[in-house]
Amino acid sequence: MQHHTGLFIPGPTNIPDPVRRAMNLPMEDMRAPDFPELTLPLFRDLKRVFKTETGQAFIYPASGTGGWEAVLTNTLNPGDKVLIATFGQFSLLWADMCRRLGFDTVVVDRPWGEGVPVEAFADILARDGTHRIRAVLATHNETATGVTSDIAGLRRALDAAGHPALLYVDGVSSVASIDLRMDEWGLDAVVSGSQKGFMLPTGLAIVAVSQKALEAHRSSKFPRCFFSFEDMMRTNKDGYFPYTPATTLLRGLRASLDLLFAEGLENVFTRHHHLAEGVRRAVTAWGLTLCAREPKWHSDTVSAIVVPEGVDSTQVARQAYHRYGVSFGIGLNKVAGRVFRIGHLGALNEPMLLGALGAAEMALADCGARIAFGSGVAAAQSHYASRSNLTAAAA
Ligand code: PLP
């Protein structure tokens, strides 16, 4: 593999130097008397990121997929009815997990490029008079298509229907980069992973659940072992874990949380919006479109860009990788060959993205797209220069 100047995939993201340095340490004793001095504040501070005071955070040595499984198997029962919409690879995989775990899975299939169909869900919930639906699952940010959904709107739909279903959100590519308010939006579980907004290596599933979900946990008979909430809670309350924790990643998480709080969470969200907007201006200047069909669905962490007819987006990503040392996300499944993705989350600033946009222009042109060099870069520059007071967190 050649040396890469840029990771512009939507996770894993760049690791800032303070986080990398915090992880450069010997292995440590996870049963040491002072280990809780590291771990207890982590649980407390994660709740700030999820914006919950009443919820509980869990950290598993797993990836985001493990977080999905932890939430489902700890709070539901086999055969329970769950409602989910699919509109991209990750919502598709979550629905697939529900089926494979034996839930009665009601799937609303939407075109890729749309988001959670709040109105369709409202109808389904209103018609579910006997409240058979136990949980509503929503992908906050569909990473495959660059679509962010209206989770607050979904909460309002549940409330309007007077429906008591649990509301579970996949926040893998939104938590710590796009605003998500667990308590205010009445979310019963939020799943995340270490390798995106937290700017860490892959390896931690970071989950938060509400008291209502913990109540559901008490009547859940789902077989579980590795992901068991009860084993976690029994040991976590004193700052320990039921099995060997990923101590190095926990040290990194401390440094990452410190960076997020030093910048300020709201500033982190604003920075992501600002960076994303520059990318969107570039796409428009190229005469191209996003996979996200409406502005209300535009994602601030990833843009999936539709390539012109006759251009293969996988080739665009390959060209960028081999020739210019830049990694972009390829199109997955239904949009394979049709979109490439620019990840703009984590430790990034304007000049880094301008470099990526310049490389994208060259790679697109190499693959036959008619792109005026500099057009997208200039459009992004105009936008970035208009907000020069924003400083980047990229270290
Ligand atoms: N959900 C979303 C929205 C994702 O983007 C991803 C991974 O990219 C996942 C879930 C799966 O997470 P992981 O690959 O960490 O298991």
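These legends go with a handful of close-up views of one predicted model.

**View 1. The ligand and its neighbours.** Here the ligand sits in the largest pocket. Walk along the chain and the residues around the ligand turn up as Ser63, Gly64, Thr65, Trp68, Phe90, Asn141, Thr143, Asp170, Val172, Ser173, Gln195 and Lys196. By type, that shell splits into seven polar, three nonpolar and two charged residues. Helix α3, which runs over residues 64-75, gives the largest share of the shell, with three residues.

**View 2. Polar contacts to the ligand.** Zoom in on three side chains here. Ser63 has a side-chain N or O atom 2.5 Å from an oxygen atom of the ligand. On Asp170, a polar side-chain atom lies 2.6 Å from a ligand nitrogen atom. Lys196 joins in too, with an N or O atom of its side chain 2.8 Å from an oxygen atom of the ligand. As for cover, the ligand on its own has 390 Å² of accessible area, and the protein covers 87% of that.

**View 3. The annotated domain.** Pull back a bit for this one. An unreviewed UniProt entry carries the annotation "domain: Aminotransferase class V" for residues 47-317. In the model, that span is 39% helix and 18% strand, and its end C-alpha atoms lie 37 Å apart.

**View 4. A cis peptide bond before Pro12.** Most peptide bonds are trans. The bond joining Gly11 and Pro12 is cis, though, with omega at about -5 degrees. Look for Pro12 in the loop between β1 (6-8) and α1 (17-22).

**View 5. Positive phi at Lys51.** Most residues other than glycine have a negative phi. Lys51 isn't a glycine, yet its phi is positive, at about 55 degrees. To find Lys51, check the loop that links α2 (36-50) and β2 (56-60).

Technical notes:
Residues are numbered from 1 along each chain as its sequence is written. This is a predicted model: local features need pLDDT of at least 70, side-chain atom pairs count only at pLDDT 80 or more; totals for chains, interfaces and linings use all residues. Side-chain values use heavy atoms; hydrogens and water are left out. A residue is near a molecule or strand if one of its heavy atoms lies within 4 Å of it. A polar contact is a pair of N or O atoms within 3.5 Å; within protein, one must be able to donate a hydrogen and the other to accept it, and residues adjacent in sequence count only if both atoms are side-chain atoms. Accessible areas come from the Shrake-Rupley method with a 1.4 Å probe; for residues, only the protein chains shown count as cover. On a 1 Å grid over the protein atoms alone, a cavity is a set of points where a 1.4 Å probe fits but cannot get out, and a pocket is an open set with protein on both sides within 12 Å along at least five of seven lines; lining residues have an atom within 4 Å of a point. A molecule sits in a cavity or pocket if more than half of its atoms lie within 2 Å of its grid points. Helices (H or I, at least four residues) and strands (E, at least two) are DSSP runs, numbered from the N terminus. Ala, Val, Leu, Ile, Met, Phe, Trp, Tyr, Cys and Pro count as nonpolar, Asp, Glu, Lys and Arg as charged, and the others, Gly among them, as polar. UniProt positions are given in the numbering used here, feature names are shortened, and annotations may be inferred rather than shown by experiment.
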